[in-house]
Amino acid sequence: MIGAEGVGWRVGGAQILDDVSLTVAAGELVGIIGPNGAGKSSLVNILSGVTRPSSGRVTLDGADVSRQSATRRARSGLARSFQTSALFDGLTAGENVRLAVQGAGGSPLSPFRGARSVPATRVEELLERVTMGGTAGTLARDLSHGGRRKLELAMALAAKPRALLLDEPMAGVSAEDVDGLTAIIGEVRDSGVAVAMVEHHMHVVLGLADRVAVLHHGSLLAVGKPDEVTADERVQQAYLGEAL
Amino acid sequence: MSTFLLIVVTGLGLGALYFLAASGLSLIYGLMGVLNFAHGAFMTAGAYAAWVTMTRLPSSMGVGLRLLVAVVVALLVGAIVGVVVEVVLIRPLYRHHIQQVLVTVGLSLAAVAAVQGIWGADPRAVARPEVMTGTVGLLGARIPVDRFVYLAVALALFGGLLALLRYTRLGLVIRAGVENRTMVEALGIDVQRTFTIVFGLGGAVAALAGVLFSQYAGSVSPGQGGSLLIYAFIVVVIGGMGSLTGTAVAAFAVGLVQQLANYYAVSGVGDLSVVLLLALVLLARPSSLKGATA
Amino acid sequence: MSSVLVLDDVHVRYGGSHVLQGVSFEVPATGVTALLGRNGVGKTTTLKAVLGLAPRTGSVLLRERDIVREPTHRIVAGGIGYVPEDREVFGGLTVEENLRLVGPAEGADAAIVRELFPDLVQRRTQRAGTLSGGQQQMVALARVLLRENDLLLVDEPTKGLAPKLVTEVADVLARVAESTPVLLVEQNLPLVRRIADTVVVLDAGRVVHRGDARELVEDQALTQELLGVSMRREGAA
Amino acid sequence: ACGSPGEPGAASSGDASGSAGGSPIEVGLVYSKSGPLATYGEQYRQGFTAGLDYATDGTGEVNGRPVEVTESDDAGDPAKAVAAATDLIGKGTKVIAGSTSSGVALQVAPLAQDNKVLFVSGPAAVDAVTGASKYTFRSGRQTYQDVATAGTMIGDVEGKKVTVLAQDSAFGKANIAAVTSILGDQGATVSAVEVPAAATEFTPFASKIKAAKPDLLFVAWAGTNATQMWTTLSQQGVFDVTTVVTGLDIKPTHALFGASATKIDFLSHFFDGAADNEAYQALADGMEKEGGSVDLFTNDGFVAAQMIVHALEASPDDTDAMVGALEGWTFTGPKGEMEIRAEDHALLQPMFTASLEKDGDALTATPEETLDPEQVAPPVTPIQ
Amino acid sequence: MTRPTPATLLRVGLPLLLLAVLAYLPYVPASIPGLLPGRINGPGSMQLLATCLVFAGFALSYDVLFGRTGLLSFGHALFVAAGSYLLTVSLSTWSLPLPVAILAALGGTTMLALVVGGVALRVGGIAFAMVTLAFAQAASIIVLRDPGGVTGGEEGKALNRDAVPSILVGVQNAPYRYWLALAFVTVAFVLVRLLVRSRAGHAMAAVRENEGRAAVLGLTTYRVKLLAIVVGSFLGGLGGVVHALVLGGSSPSLTSAEFTLSLLVMVVLGGAGSTWGAVLGGFLYHYADARLVEAGGSGVFDVLPDTLRAVLSQPLFILGAFFVVVVYFAPSGLTGLGGRLIRKTGAS
Ligand SMILES: Nc1ncnc2c1ncn2[C@@H]1O[C@H](COP(=O)(O)OP(=O)(O)OP(=O)(O)O)[C@@H](O)[C@H]1O
Ligand SMILES: Nc1ncnc2c1ncn2[C@@H]1O[C@H](COP(=O)(O)OP(=O)(O)OP(=O)(O)O)[C@@H](O)[C@H]1O
Ligand SMILES: [Mg+2]
Ligand SMILES: [Mg+2]
């Protein structure tokens, strides 16, 4: 569904990513883990089109989309969330979601279609799905940190994407909500979406992922079933330590 | 050959004036992210302060001496105006960049009108010492001496400002404060005072530019600062928004292009050519303009 | 046992919303005090209220001195170190410049930083904005460790850190707490159990529980009630 | 001019101006009280007051009815002038004077024509006001007369090289066109150096002029950067190679010529000491009363008042009668003998040449020659 | 269809009521001394109100860029001037009939917006502002140079009276020009309202808030911004056309940097990103500009010391200072302030 083929990225003389190949199939969830600075977000950026790789290609449905803009890719069904929430701060949570729906649907810029052609029920439903029901009228900038994370996820889901890239969706989410969000992401995967998720909460990754990819210094250290990967000594050494 | 030399030297002199006008602007923009539309008013304030000082001083004093005193007074006035504007108008709006720009817009409108109300719309002649009006013969060209003065002042200013930013803690604090003022405070540093200093400095530099420009023009008028401001803006943009070195390079480039175009192309193409230069830079290297937002 | 920080009936209002509704608690002069609660209950706001970054009323005593009326920079200079929730490093400055802002990188504290975050030393000249999320978190931590403090306010320091680093950060905090009291906001209960001595739990802008850290974390019914979780599952990770 | 009931814009009742004897005659002055031309405007206004006093023998009345002058500020902005004129005309004013700036004159003139109102343009020099419409007159000189005056300064023009240094604007272009047509027709080779009005550096232009070595350099410049231009011309030695002519502006600007002041030959429309007759004396006395002194545009105000009083004497409210009275009228203004040419309402008037002389720190204008109206009369541009 | 709620009634009814009142003004012979010159339906007042309305429309058009999309453009004057000059020049120099001239003016302005916008949008933020300023400056230089004698240089260009319907000419016809201006504002108001509530309008808000994020959602930000510029410029150009008709000509002050700045002032004065704000800001700005000139000359300041009086009699000083005060104390503009007051009194 979505994949990287031999992707490399150099910036300012440093090789951030080196020959990374990873494909996520429809209905599959791949967890991407690795130490801080390993290049996980960079990979997500390249897959979503926010940055251009210096070598290799990105494919979507088998087609080479390396030269397509982030906008184009989003329109073809690729959604993502950001590690540090990137929201429309001056708009309400509801409007944020509505824009996300609109961006993915047809004629997103039409001056002839009312913004409310996105039904309010759909907006409310999406917010409720991330346990944010009733906040549709709150300005995004006034949400608490966790609220922002959840909104970020709702926006990614709003597009009814076929492929979803999540960059640390659980960071800062209170322990209470982690389970709920985990379940949502699982449902999304089960509905046939290809999901790649960067996450440091190991229990989330282990509970959800069909496969886990470990990035280390910009290269893939290991890819495989969760238990295989966690058993890998190199992974324990580089990443897990004695986890809390 | 002699004409070419003349055109080049006067072009450099013009560039020096542009740099003087733009450096204060670039300083404040680069460090505080405030595009100061009142910069023209600061220049006008400096020019009028100097003019008033020179007319008040006894004419028994030599013109040169009166000018020196006037420059000192203008620098003080510029610094005070800068500080007052920062403390009273800019500081309370520090979370709102656009509002800060807007306040300076309002200020620039009001200031020009105020000067016009007090001293009238007509230009007033300023006294100039012999040095500033004379010429020297160089390879057959009659080169006005004042251009060398502007060049010297511009170079000295450039060096001084660069050193301030590169080698002082003040420079560091300012750069951090521009990005995230709250966090700098949360690190225990008094940002406000730093910003006030920057504005005062910007005001003083603007006033200096104002005095020198009024010497150059031979008169002061309410709109004088504003007329120079457009060029200062263009120079700051071409120079990469807030980079001092870029500003210097751009200032001299704009001065030279304008002069050369005015002589070698059709008369009057020079001013348009500056706008053209901006468009060219923009089309060729748009990324260079996004520049120092940080 | 004396308290380094005492909050008494602190209120914070943002426009129409009353975010803190009379928060009172004390931070003992030693060890780690954990401030817990669900998303949006006002944990960050509490820290900001102490620092003067949020509009507050009530009384905040730092070493018996009321600081409610002081400007932020003076409060901080008076001995509080702050690691904000969103890292807030200066993206346009290099790593070194970020650290130099606080003071010269020398002395014993500098050694801790070097030992703890060797990566940063290596990336001295990189612009902090291009650091990875975890690397930025390290800069934010290192920034406060470079100076003597009476109290550290640390807001979710392990958010986005790799598991291995989480352990390391926990160790650092524990070590720091030996000499400097720490008020820590954290979602990671195992970590709280490991390093915190006391806990304060907030809900809807009020303190709903105060007590010993271990007692709370191990009382599954109580954590379930106050925080909506218990530690069984995390323990498995 | 009031509509039937229910028509938009109609007054409800009895608001229409009655023309009973003794009620005041309204005259509107739309001029620059503020804005860049405020000084010109003030001179004009003072001159007008003096002129009204003179023309009505101190009574301020025409045929027993007081003349009531309503002043409006246009701040030099045509839009404001149009608004002010509309307001005045709407209130029944039949005579409008003023227009310090050419832009204002050109936009108020059509308004006067549309509404059949007498319009006496003021200091605005643009040639196009002459012959603009049946209802438009002027009380000052026009560009053509300036240029023709300059032409007289090099004696026989035939075969001479003339260069015009002008602003790259309508004002400059008009001057270039005038020089080309007047002096070119007399056999001179005319070339032009056009400079952006906002130019800051004049060396390239001075170099070009010096290289061309013309017999006459005609400078048409109005603006705040004049001093810089004169300094540069002087520095580059332009005065050493040619005769430099320009128009003499108002007194406060004399200092702006800097060191070049005494080297320039001036043409002048009017200045303190340009002429001497009864009207001039009346103007000088009037100006003293107003706390000013005789200067360039005081004449235009004075003459405007003379013309308006003459028109009102013919009829206080029939504009066509006013026009009829003014067409072909000859009279004595502060400058001397004037004639309103019937065909196009050009104001034929004497012109002057002058020089500036240093008098301690100050500069005073000294008359050189007075030119007959015919010598500088513009060609007829009949009203369509 | 659902039954209209009181809120919608208020939202639709109030503007309609206001429109009706404004449309009826030319039949009101009463006078409001001090506020308007002479009676309300007198030519002076009508002309003043008409110009104020045109300015309200200008502000509306600029708000599409600034308030709605977050584009700080300093070149908007260019498009207003283009509309105005294209009309006067088509009528007099090219002798086109009025409808064709209007189409030419609007078409020309839109084309210009596409080109200028297309180039300037290669950069963002303050650089965008400066680039648009440079374009406007170039246009200003060109207009002042009077190429081929078509623009009339600094003297401006009077409207060819024979080419426009006689109902728009002449002082007594001021009410018709007033209605024309009112029609223009109404059209602009409705268009902007529709735009804002459309998907495109929402996308504009997204770009204003967080451009990078909008791109990843599948919104082509370049196109969104270009659309804003084109729509804003079209309305601005239309305003230019109406301005020329109402004032009987084009003047180069429309191309000046001051005019562009004043557009910004109007929008912020009323409240950026609010239709009513723009309308109010534009209207008040011109009203104050026009009336303060009168106040300065009328001697109301005579009691003050000389210097102060000289300063206060400058309309721009008062406007500038007032603007600073508004930005300072009511950052969301006069409408925002009004809203806040209403909420406050409602709450207490
Ligand atoms: N523009 C840049 N210039 C230099 N180095 C860069 C740049 N952008 C990213 N890097 C470096 O690339 C590496 C990978 O960054 P990335 O954000 O992908 O890490 P990550 O795996 O997501 O880490 P984390 O888990 O901490 O978020 C980091 O070491 C970072 O410093
Ligand atoms: N500037 C603000 N204006 C209005 N409301 C705000 C503002 N900042 C925070 N809030 C609200 O105050 C409440 C508390 O926010 P705070 O950030 O303190 O929560 P928190 O406990 O730190 O949550 P999290 O675990 O998600 O970080 C939230 O409901 C939030 O929406
Ligand atoms: Mg990352
Ligand atoms: Mg928080």
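Here is a short dialogue on reading a ligand site and a metal site in a predicted model.

Q: Before we start, how are residues, chains and ligands labelled?
A: Residues count from 1 along each chain as written, while chains are lettered from A and ligands numbered from 1 in written order. The model is predicted, so local features need pLDDT of at least 70, side-chain atom pairs need 80 or more, totals for chains, interfaces and linings use all residues, and side-chain values use heavy atoms, without hydrogens and water.

Q: Which residues surround ligand 1 most closely?
A: A residue is near a molecule if one of its heavy atoms lies within 4 Å of it. Here 21 residues surround ligand 1, the closest being Asn36(A), Lys40(A), Ser41(A), Ser42(A) and Gly134(C). Because residues from chains A and C surround ligand 1, the site is shared between chains.

Q: What polar contact does Ser41(A) make with ligand 1?
A: A polar contact is a pair of N or O atoms within 3.5 Å. A polar side-chain atom of Ser41(A) sits 2.7 Å from an oxygen atom of ligand 1. For the side chain of Gln135(C), the distance from an N or O atom to a ligand 1 oxygen is 3.0 Å.

Q: And what are the protein donors of the magnesium ion (ligand 4)?
A: Donors are N, O and S atoms within 2.8 Å of the metal (3.2 Å for Na, K and Ca); water is not among the atoms, so sites may look incomplete. Thr44(C) (OG1) and Glu85(C) (OE) are the protein donors, 1.9 to 2.4 Å from the ion.

Key
A polar contact is a pair of N or O atoms within 3.5 Å; within protein, one must be able to donate a hydrogen and the other to accept it, and residues adjacent in sequence count only if both atoms are side-chain atoms.
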